[in-house]
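Colleague: I'd like to get to know this model, so please show it to me and pick a place to start.

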Amino acid sequence: MEDNYLYLIHDKHSLQTAIVDPAVKDPVLEECEKQGWTLTHILNTHHHWDHTGANKALKAETGCEIIGFEGDAERIPGIDRTVKEGDKISLGSHHAQIFEVPGHTSGHIAFYFENSKALFIGDTLFAMGCGRLFEGTPQQMWSSFAKFINLPDETVIYCAHEYTQSNGRFALTVEPENTDLINRMVDVDRLRTENKPTVPFLLGLDKATNPFLRPNSAAIREKLDMKYASDAEVFGMLRSMKDNF
């Protein structure tokens, strides 16, 4: 899993520890052992195998509780607890609100830890990009974005893949004069040359540089000759273009 990111969340008071979207077992257990933590929860954003592949193995090894979307329970291996829009979960003093964000899949969710300003978004949003629409529509995905796009700019986005460099190259084709985007790509290219991650990232930075969060941009609309289209229609065109980039 060369481009998958796995995130451990630990509460030092309750000693509860969660892993988000575990594709593989060994790195999770190795890091828990290194830190002296015991895995207690798995948080799944959606059912794809590269996000749930280690569910049953980790549960067998640790007895952890698996949490996922109630509408997709049949596709999430080993699920114990189901959640839906507006529900909250707790890991000791860490509390997360559930957003339903369909588009990439029909049953995708995100976990928003307000106190930490942390959003675990799975494959819905990437740095300067977004997930493919395997099971949803452009309107559906754009409506999903509306649930988090107005969160504080300081919100830290934890997405699941290292797609940033390719996403940025596409973004430059539709908004080549965006100076924030140009400057960000300088940083991204440097980080990747040094084999360093570009994730997590700040929502505010992405709102300034991610075309999928900017369908109302006059420059993008002019580039696409879609001056009078809806935001969802512009988003859909961008997604179609990226699919063939």
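**Cysteines, core, sheet and charges**

Modeller: Let me begin with C159, which counts as buried at 0% relative accessibility; here buried means under 20% relative accessible area, exposed means over 50%, and partly exposed is in between, using a 1.4 Å probe and protein chains only. Please keep in mind that this is a predicted model, in which local features need pLDDT of at least 70 and side-chain atom pairs count only at pLDDT 80 or more, while totals for chains, interfaces and linings use all residues. Residues are numbered from 1 along each chain as its sequence is written, and side-chain values use heavy atoms, with hydrogens and water left out.

Colleague: How far is the sulfur of C159 from the closest cysteine sulfur?

Modeller: The closest one belongs to C130 and lies 11 Å from the sulfur of C159, which is too far for a bond. The structure in fact holds zero disulfides, a disulfide being a pair of cysteine sulfur atoms within 2.5 Å. C64 is likewise in no disulfide, and its nearest cysteine sulfur, that of C32, is 9.4 Å away. C64 is buried as well, with a relative accessible area of 2%.

Colleague: And overall, how many helices and strands does the protein have?

Modeller: There are nine helices and 13 strands, where helices (H or I, at least four residues) and strands (E, at least two) are DSSP runs, numbered from the N terminus. The radius of gyration is 18 Å, close to the 18 Å that the globule rule gives for 245 residues, so the protein is as compact as a globular protein of that length; this radius is taken over C-alpha atoms, and the rule is 2.2 Å times the number of residues to the power 0.38. Along its principal axes the C-alpha trace spans about 55 × 40 × 30 Å, and buried residues make up 48% of the 245 residues.

Colleague: Which residues in the largest nonpolar core touch the most other members?

Modeller: They are L43, F111, F113, L119, F145 and F148, in a core of 50 residues. Strand β8, residues 109–113, gives the most to this core, with five residues. A second, separate core of 10 residues includes V28, L58, C64 and I76. By a nonpolar core I mean a set of buried Ala, Val, Leu, Ile, Met, Phe, Trp, Tyr and Cys residues joined through side-chain atoms within 4.5 Å. In soluble globular proteins, nonpolar side chains tend to be buried together.

Colleague: What is F113 in contact with, leaving aside its neighbours within four places in sequence?

Modeller: F113 is then in contact, meaning heavy atoms within 4.5 Å, with I9, L43, L91, H94, H95, A96, A118 and F120.

Colleague: Where does β8 sit in the open sheet?

Modeller: The sheet has six strands in the order β6-β7-β8-β9-β12-β13, with mixed pairing, so β8 stands between β7 and β9 in that order; two strands pair if DSSP finds at least two bridges between them. β6 and β13 are the edge strands, each pairing on one side only. Further along, four bridges join β9 (residues 118–122) to β12, and these two run parallel, with A118 standing opposite V156 in β12.

Colleague: Changing topic, what do the side chains do along strand β1?

Modeller: They alternate along residues 7–10: Y7 and I9 point to one face and are buried, while L8 and H10 point to the other and are not. Four bridges join β1 to β2 (residues 17–20), and the two run antiparallel.

Colleague: Last one: how many salt bridges does the structure hold?

Modeller: It holds 14, a salt bridge being a side-chain nitrogen of Lys or Arg within 4 Å of a carboxyl oxygen of Asp or Glu. In one of them, the closest N and O atoms of K59 and D80 are 2.6 Å apart. K59 lies in helix α3 and D80 in the loop between β4 and β5, so the pair ties together parts that are 21 residues apart in sequence. K59 is partly exposed at 27%, and D80 is also partly exposed, at 40%. Another salt bridge joins E85 and K147 at 3.1 Å, N to O, and it links distant parts of the chain, 62 residues apart.

Colleague: Which residues are linked in a network of salt bridges?

Modeller: D72, R75 and E135 are. Between D72 and R75, the closest N and O atoms are 2.7 Å apart; D72 is buried, with a relative accessible area of 5%, whereas R75 is partly exposed at 32%.
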